[in-house]
Amino acid sequence: MKIYTGSGDRGMTSLFSGERVKKSYERVEAYGDVDELNSVLGALVAALPGDTDAMVKEIQDIQSDLFHLGAWLATTPDSPSLSKIEKISPAKINTLESAIDRLQERLPPLQAFILPGGHLSAALAHIARTVCRRAERHVVLLREEYISNGVTKQFEAVLSYLNRLSDYLFVLARYCNQMREVNDIPWRK
Amino acid sequence: MAVQQSTGAYVYSTELLERRWISDKTFEIKLARPPGFQFEPGQRIRLIHEKIERDYSLVSAPGDSNLVLCIRHITGGAFSSILVDARIGERLRFSGPHGYFLFYPSGRPAVLIATGTGIAPFCAMACSGLKNFTLLHGVRSSDELYYASVFRVRTTHYIACLSAESRLPRGTFRGRVTGYLKKNLPVETYDFYLCGRSEMIRDAMAVIDDRFKGSFVYTEIFY
């Protein structure tokens with residue numbers, strides 16, 4: 001089965017809401033970051049040890065959320081098609097917060113800044129965290145468009161989700177190192 | 001009784017009620033509508049046979065009592081051959097509904113473009129009350145103009161685009177749908193709905209980007 005049409009060969013793409021836009025458009029940047037984040041999470045799952053089924057499930061649930069989030073970002077806020085897309089609910093944010101608290105309880109307190117790295121899985125969690133921050137920065141650029149169309153609550157939920165996800169990925173990176181008995185690398189000034 | 005898959009989609013069991021050839025290579029099948037199965041015009045179902053799955057857009061409207069699919073028989077094609085050989089009364093399984101190829105009303109005029117059996121979702125939309133649209137149906141010959149009578153009573157802008165007919169019936173366009181877009185459709189900002197083979201989608205998109213700037217485009221690709 002062919003997966004290409006070639007309709008984007010001239011640098012244009014269609015949003016989910018139907019608009020034809022340049023691939024460099026800021027909304028495309030935003031959902032492109034979310035797509036990239038999803039891919040890095042896939043690499044992270046592949047690098048986890050074999051006895052971490054619950055963690056794999058947790059990360060794959062996040063990957064599913066990111067599919068919905070990407071579709072939401074690919075839809076302009078004044079479009080009727082926005083109502084067809086699953087929203088980021090407060091429950092999703094609560095789930096991330098619970099996961100952060102659960103992982104944090106198992107980790108020693110942080111004494112200093114740490115360098116991104118350590119075990120491969122931890123390094124990938126750090127890459128995911130920084131891609132997530134980039135997604136957040138690109139999403140913030142769309143704020144006015146959502147507010148002026150009365151979609152403020154949904155927009156704020158998306159921002160909160162990405163902010164919380166970055167925190168989760170930081171804690172997860174440390175937890176990955178701990179699981180593999182690799183020490184965090186402190187920053188030496 | 002529907003069973004939920006790990007993907008969240010429901011799998012239904014249905015019965016093949018009827019098969020009717022509507023051209024040399026294309027047939028309709030009518031399936032019993034399982035209790036509880038709801039969908040919107042333009043959506044697909046995924047037929048499942050052992051490990052093979054194929055998506056087909058529903059021709060029927062949500063208010064219809066049965067589910068109708070329009071299928072081109074591809075010689076050597078795995079799934080269409082199964083459906084050609086299936087006994088009337090045989091049980092089939094499908095998941096769904098799938099897809100977001102729905103009609104999204106706006107102030108812009110709607111132009112629906114299909115090639116071949118890509119007409120199916122537009123039939124569902126028209127039978128669900130959609131009116132005042134322009135429809136381009138691209139086929140090789142006039143015997144492939146499925147559901148023409150459905151569209152003719154719902155729009156005055158039904159344009160059959162025939163690419164290989166020697167004698168052109170009155171009121172039809174000689175050539176492909178992209179040819180009509182380039183030469184005949186007045187320049188304006190539209191909502192385009194494209195359903196058909198990837199080559200048509202690619203070529204139509206290029207014309208839309210060049211000639212109908214600011215238009216919206218929704219696509220459903222038959223690979």
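Begin by selecting strand 8 and strand 9 (residues 134–139) of chain B, which pair in the parallel sense over five bridges. Keep in mind throughout the tour that this is a predicted model, and that the predictor gives chain B an average pLDDT of 93, with 99% of the residues scoring at least 70.

To look at one place in this pairing, pick Ala114(B) in strand 8 and then His137(B), which is the bridge partner of Ala114(B) in strand 9 of chain B. Now add helix 2 (residues 120–127) of chain B to the selection, and you have the three parts of a right-handed β-α-β unit, made by strand 8, helix 2 and strand 9 of chain B.

Next, keep strand 8 in view and select strand 12 (residues 191–197) of chain B, which runs parallel to strand 8 and is joined to it by five bridges. Here a good residue to pick is Ile113(B), whose bridge partner in strand 12 of chain B is Leu194(B).

Stay with strand 8 (residues 110–115) of chain B a little longer and show its side chains: is the strand mostly covered or open? Strand 8 is mostly covered, since six of its six residues are buried. In a regular strand the side chains alternate between the two faces of the sheet. On one side of strand 8 of chain B you will find Ala110(B), Leu112(B) and Ala114(B), while Val111(B), Ile113(B) and Thr115(B) lie on the other, and both faces are covered.

Now step back and colour chain B by its two domains, with domain 1 covering 3–98 and domain 2 covering 110–222. The centres of these two domains of chain B, taken over C-alpha atoms, are separated by 24 Å. Where they meet, 14 residues of domain 1 are in contact with 13 residues of domain 2 of chain B. Select strand 6 (residues 66–72) of chain B, because this strand gives the most to the side of domain 1 that touches domain 2, with three residues. By class, that side of domain 1 of chain B has eight nonpolar, five polar and one charged residues.

For the last stop, show both chains together and select the residues where they touch: 15 residues of chain A are in contact with 17 residues of chain B. On the side of chain A that touches chain B, there are three nonpolar, seven polar and five charged residues. For the complex as a whole, the predictor gives an ipTM of 0.83 and a pTM of 0.90.

Terms used: Residues are numbered from 1 along each chain as its sequence is written. Chains are lettered from A and ligands numbered from 1 in the order in which they are written. This is a predicted model: local features need pLDDT of at least 70, side-chain atom pairs count only at pLDDT 80 or more; totals for chains, interfaces and linings use all residues. A residue is buried if 20 or more other C-beta atoms lie within 10 Å of its own, exposed if 12 or fewer, and partly exposed in between; C-beta atoms are placed from the backbone. Helices (H or I, at least four residues) and strands (E, at least two) are DSSP runs, numbered from the N terminus. Two strands pair if DSSP finds at least two bridges between them. A crossover is right-handed if, with the strands pointing away from the viewer, the path from the first strand over the helix to the second runs clockwise. Two residues are in contact if their C-beta atoms, placed from the backbone, lie within 7 Å. Ala, Val, Leu, Ile, Met, Phe, Trp, Tyr, Cys and Pro count as nonpolar, Asp, Glu, Lys and Arg as charged, and the others, Gly among them, as polar. pLDDT is the predictor's confidence in each residue, from 0 to 100. Domain bounds come from an automatic or database domain assignment.
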